[in-house]
Structure formats: structure tokens, C-alpha cells
Amino acid sequence: MSLTPSQIKAPELGEPYLLTPGPLTTSFAVKQEMLRDWGSWDGEFRLMTARLRDDLLAMIDDHEGAYDCVPLQGSGTYVVEAMLGSFIPRDGKVLVLSNGAYGQRTAQTLAYLGRDYVVIDKGDYMPPRGVEVAQALAQDPAITDVVVVHCETSSGILNPIAEISEVVYAAGCRLFIDSMSAFGAISLTVNDLRYEALVSSANKCIEGVPGFGFVIARKELLAQSKGRSHSLSLDLHAQWATMNKTGQWRFTPPTHVVAAFLAALKAHQSEGGVAARGARYSRNRDVLVEGMRALGFETLLKDRWLSPIIVTFFCPADPKFSFQRFYDLMKDQGFIIYPGKLTVVDSFRLGCIGQIDEHVMRQVVAAVAKALAAMGVNDACPPEIAMTERTRLSA
Ligand SMILES: *Cc1c(COP(=O)(O)O)cnc(C)c1O
């Protein structure tokens with residue numbers, strides 16, 4: 001699964017590739033759409049908004065028309081906050097499944113919103129499993145809702161949302177998914193997985209530019225959320241009702257971002273939809289991980305938990321390795337990398353998403369080899385403590 005050279009434009013434009021999980025490297029066609037100004041009130045723009053909503057909804061195979069899509073201005077976090085503030089009853093109690101920065105952010109958001117919540121805290125990267133979620137729900141019947149992060153971008157782990165969904169609904173609770181960094185590349189069809197709502201944003205796997213996020217939620221849930229939100233601008237019911245009635249966003253929409261997003265959606269479709277996008281990213285990851293392991297690097301996660309979105313590697317034990325130097329050497333070769341977020345061991349992350357394919361990934365591995373040579377690092381193997389951490393992951 002690779003892109004044609006005309007699709008891959010970053011180096012031709014003199015830009016580095018962004019090996020980051022959004023903003024990410026977008027196509028020339030996506031960037032080009034931003035050269036035109038649109039009137040937000042105009043019929044053409046209203047049609048663009050309608051198309052955006054329809055195309056996103058089509059990705060969940062909701063043949064019964066039970067769900068709707070509501071876009072909202074802001075970055076992904078704004079949409080997570082909008083979802084929680086609009087859908088979680090004020091007297092509800094939430095179980096947050098946290099294994100990284102985004103799970104923690106969900107808990108922090110609930111604290112701001114004054115919602116009661118408890119957390120299953122799995123640390124930096126251990127997966128929350130169905131069994132422990134079932135236990136937590138059985139022990140605390142006050143819990144009404146569960147929030148899970150699909151791909152926890154801070155480590156790259158793909159959380160087992162199918163087994164989680166099963167136990168959540170078996171306990172009579174409802175599931176909300178932060179699928180920010182996975183939607184569009186990993187299937188979330190409603191026949192395979194039960195959930196109330198998911199959130200994602202323009203600048204992740206659909207490969208648009210940043211500026212808005214969107215919620216895909218049960219219409220029933222949207223209808224019930226009238227008057228619940230604490231916030232005027234983050235009120236999903238109001239955004240939904242206005243959009244359905246007038247075709248417009250309530251407040252100034254990011255018009256250029258929407259135009260660019262439509263080009264990104266078109267490319268997503270012509271690539272072959274969610275399955276093909278996921279296959280390209282998986283291939284990116286496989287080529288990357290194989291090449292990095294050949295240099296002596298180790299991944300934080302065992303293969304079973306590696307997402308096709310982003311991969312965490314341990315920094316080499318060799319004292320000649322410096323992350324800042326490595327970053328600069330990679331940037332000189334046209335690649336922007338991403339620091340790690342682990343508390344115990346030094347690490348860095350390489351993203352597999354955006355307008356990159358396996359050919360680019362081979363160049364990434366070659367650039368890493370050159371950077372190591374420039375630092376005088378002969379073997380990239382991590383310190384002992386890193387491998388001790390890793391063995392804590394049983395599967
Ligand atoms: C990107 C991301 C978000 C949103 O982050 P923003 O910086 O607000 O766009 C939320 N959750 C996950 C899992 C993400 O990857």
C-alpha cells in the first residue's frame with residue numbers, strides 16, 4: 001500500500017515530514033484547498049458542511065440512521081470536553097480508563113466539569129482489560145458511564161475496546177470513546193462494536209489540517225442532552241440542532257480547514273476507505289519497527305499492543321546518545337520526530353500516520369542509522385531497566 005510520488009509532496013515543498021500524530025504531513029491537494037475564501041453563510045459552504053457530516057458518518061456503517069455527526073470548532077480536547085459536558089448526566093458517575101496522558105486529561109476534564117468520577121489508572125502504558133473493568137463496575141453500581149481512549153497516543157498502545165465495550169454494556173453502563181488518533185484508520189462500525197459516542201479531529205487519520213473536531217453520537221443521546229452543557233460554545237445539542245435547522249455552524253467555522261478536510265475525505269475514499277488507510281499505516285509501522293529493531297532499538301510495547309498510529313522506542317543506553325542531538329540530526333535529514341512521555345525510562349516516538357508510506361519509512365530508518373553514526377552510537381539497545389519495564393506486559 002503506497003502513495004504515488006505526486007501525492008507525497010513534503011520534501012518538494014522544502015518541508016520536513018512530520019512523524020508526529022497530528023498535525024501531520026498533509027497532501028498538496030489538501031493544502032491547495034486553503035487558497036480560496038468561503039462565506040460561512042453561503043449555500044456552497046453549507047453543502048460542504050453537510051457533505052463532511054455525511055462522509056464521516058458513512059465510516060461507521062450505521063444503516064439504521066441511529067447516529068449523527070456534529071463537527072465543532074477547536075482542537076480535539078475541545079470536542080472531548082463538549083462530549084463529556086453534553087452527554088454525561090450531572091448526577092452521573094464516570095469510570096475513566098487511563099493509561100497515559102489522554103486518559104489523565106479526560107479525568108481532569110471531568111474534574112473541571114464537576115462530574116463524579118473514578119479512575120482505573122494503569123500507569124504509562126499497561127492496557128485496561130475487560131475483566132478489571134467488569135470488576136470495577138460490579139463493585140460500584142453508581143457508575144453510569146465509561147470513557148476509554150482508543151489509541152493512547154502518548155505510548156501508541158491500541159487499547160482493547162471490544163472487550164471493554166462488552167463488559168460495559170453487560171453491566172448496564174454506556175461507553176464513550178476518545179478515538180482521536182484512530183478514527184479513519186481503525187474500524188469502528190456500529191455492528192461490530194457498541195458505543196454511545198466517539199470523538200476525533202480533522203488533523204489525525206483523515207489527514208486534514210487542525211481546526212475542528214467532531215462527535216459521532218447516537219441521535220437519542222444528542223436529543224436528550226438539551227440544556228445540559230455547562231458551556232455555550234461547547235454545547236453539542238445546540239450545535240447539532242442549529243446545524244440540522246440552518247446547515248450552519250453556530251459560530252464562525254474554520255472555513256479553510258473545512259475545505260481542506262473535504263479534499264482529505266476524498267483522498268481517504270479513493271485510497272479505499274478505513275481498511276486501506278489502516279493497511280497503509282500498518283505497513284508503515286511494520287517497516288519502521290523492523291528497520292529500527294535491526295539497528296538495535298526496542299519498542300516499549302510487545303507486538304500485540306502496537307498500534308499502526310505511533311510507536312514508542314526506548315532511547316539507546318549508550319551515553320553518547322542525546323535526544324536533542326538526535327532530534328536535530330533527524331530534522332537536518334527532513335524528519336520531525338516526537339519526544340517520549342514515559343516517566344520511568346527515556347524514550348521517543350515515531351508516528352506512522354499522514355502522507356507517508358513504506359518508502360518514506362525506509363528513508364526514516366536510514367536517517368536514524370546516519371544520526372546514530374554521527375553521534376558515535378554503535379548499538380541502539382536500551383538500558384536494562386527498559387527491558388524490565390517491558391516484561392511487565394504479559395501478552
Ligand atoms: C490528539 C489527541 C487528542 C486531542 O488533542 P488536541 O491537542 O486537543 O488536538 C485527544 N486524545 C487523543 C488520544 C489524541 O491523540
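## How the two domains meet

Let's start where the two halves of the protein touch: 32 residues of domain 1 are in contact with 31 residues of domain 2. Please keep in mind that this is a predicted model. The domain assignment gives domain 1 as 12–25 + 273–393, while domain 2 runs over 36–269. Between their C-alpha centres the separation is 28 Å.

The size of an interface is often given as the accessible area lost when the parts come together. For domain 1 and domain 2 the buried area is about 2500 Å², with 59% of it coming from carbon and sulfur atoms. On the domain 1 side, Val 274, Arg 277 and Trp 305 lose the most area to domain 2, and together they make up 26% of what that side buries.

## The shell around the ligand

If you would like to set up a selection around the ligand, here are the residues: Ser 75, Gly 76, Thr 77, Tyr 102, Arg 105, Val 149, Cys 151, Thr 153, Asp 178, Met 180, Ser 181 and Lys 204. By class, this shell divides into 4 nonpolar, 5 polar and 3 charged residues. Helix H3 (76–87) and helix H4 (101–113) each contribute at least two residues to the shell.

## Polar atoms facing the ligand

Which side chains place an N or O atom 2.5 Å or 2.7 Å from the ligand? Ser 75 does so with a side-chain N or O atom 2.5 Å from a ligand oxygen, and Asp 178 with one that is 2.7 Å from a ligand nitrogen. Thr 153 also takes part, with a polar side-chain atom 2.5 Å from an oxygen of the ligand. As for cover, the ligand taken alone exposes 380 Å², and the protein buries 86% of that.

## Two backbone details worth a look

Most residues other than glycine have a negative phi, and most peptide bonds are trans. Two places in this model go the other way. The peptide bond from Gly 22 to Pro 23 is cis, its omega being near 0 degrees. Pro 23 belongs to the loop that links strand S1 (17–18) and helix H1 (28–32).

The other place is Asp 61, which is not a glycine and yet has a positive phi of about 55 degrees. You will find Asp 61 in the loop between helix H2 (43–58) and strand S2 (67–73).

Definitions and conventions
Residues numbered from 1 in each chain as written. Predicted model: local features only at pLDDT ≥ 70, side-chain atom pairs only at ≥ 80, totals over all residues. Heavy atoms only, no water. Near = heavy atom within 4 Å. Polar contact = N/O pair within 3.5 Å; in protein donor to acceptor, adjacent residues only side chain to side chain. Areas by Shrake-Rupley, 256 points an atom, 1.4 Å probe, with all protein chains shown as cover. Helix = DSSP H or I, 4+ residues; strand = E, 2+ residues; numbered from the N terminus. Nonpolar A, V, L, I, M, F, W, Y, C, P; charged D, E, K, R; others polar. Domains from an automatic or database assignment. Contact = heavy atoms within 4.5 Å. Buried area = accessible area lost by both parts, 1.4 Å probe.
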